[in-house]
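Let's take a walk through a protein model together, looking at how charged side chains pair up. Keep the 3D view open as you read.

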Amino acid sequence: MVDALHHTPFGSSAPTLRVEHGPAGVRIKGLRSSSAPTQTIAEQCAAALDMGVAVLAQEGLSLKDVTRVVYIIADAADFPSCFPTLRHVFSHLSPSLTLMWVKSMTPAAVKIELELCVEAEPA
């Protein structure tokens, strides 16, 4: 089942934030900064994480529940500038990491998008 928090019309370049509930758990996709054109990748990463924390809270979850983080980036050279923020946020947590490097993002000002995954408890 997919719960859409925001709907983006076909052809729009605005991100679509989605919360997907399934037997495997919860996936929060499309976490992006809303101020991307004026921000560095590190600032966009921090804003996306802040948004993720808010969405997790709406689901009764926190970053402690996150088991996997997917980083979708357009420029690998800039990604290391996110490390201080990521070290701070995940210093005591150990979610698995997937890094996806894409040719470009839409719109071009977006440099990073996050996906947070929370595995379901075994039945």
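**Following the charged pairs**

In this predicted model, begin with Glu20 and Arg18, whose side chains meet in a salt bridge with an N to O distance of 3.9 Å. That distance qualifies because a salt bridge needs a Lys or Arg side-chain nitrogen within 4 Å of a carboxyl oxygen of Asp or Glu. Arg18 has a relative accessibility of 28%, so this residue counts as partly exposed.

Now stay with Glu20 and look for another partner. Glu20 also forms a salt bridge with Lys29, and here the closest N and O atoms are 3.6 Å apart. Is Lys29 buried or exposed? Lys29 is buried, as its relative accessible area is 19%; the cut-off for buried is under 20%.

Next, find Glu115 and Arg27. Their side chains meet in a salt bridge as well, at 2.2 Å from N to O. Which parts of the chain does this pair tie together? Glu115 belongs to strand β6, which covers residues 112–119, while Arg27 sits in strand β3, residues 25–31, so the salt bridge links parts that lie 88 residues apart in sequence. The two partners can also be described by their accessibility: Glu115 is buried at 9%, whereas Arg27 is partly exposed at 30%.

Let's return to where we started. Arg18, Glu20 and Lys29 are joined into one network by salt bridges that share partners. Across the whole structure there are 4 salt bridges, among them the pairs Glu20 with Arg18, Glu20 with Lys29 and Glu115 with Arg27.

Methods:
Residues are numbered from 1 along each chain as its sequence is written. This is a predicted model: local features need pLDDT of at least 70, side-chain atom pairs count only at pLDDT 80 or more; totals for chains, interfaces and linings use all residues. Side-chain values use heavy atoms; hydrogens and water are left out. Buried means under 20% relative accessible area, exposed over 50%, partly exposed in between (1.4 Å probe, protein chains only). Helices (H or I, at least four residues) and strands (E, at least two) are DSSP runs, numbered from the N terminus.
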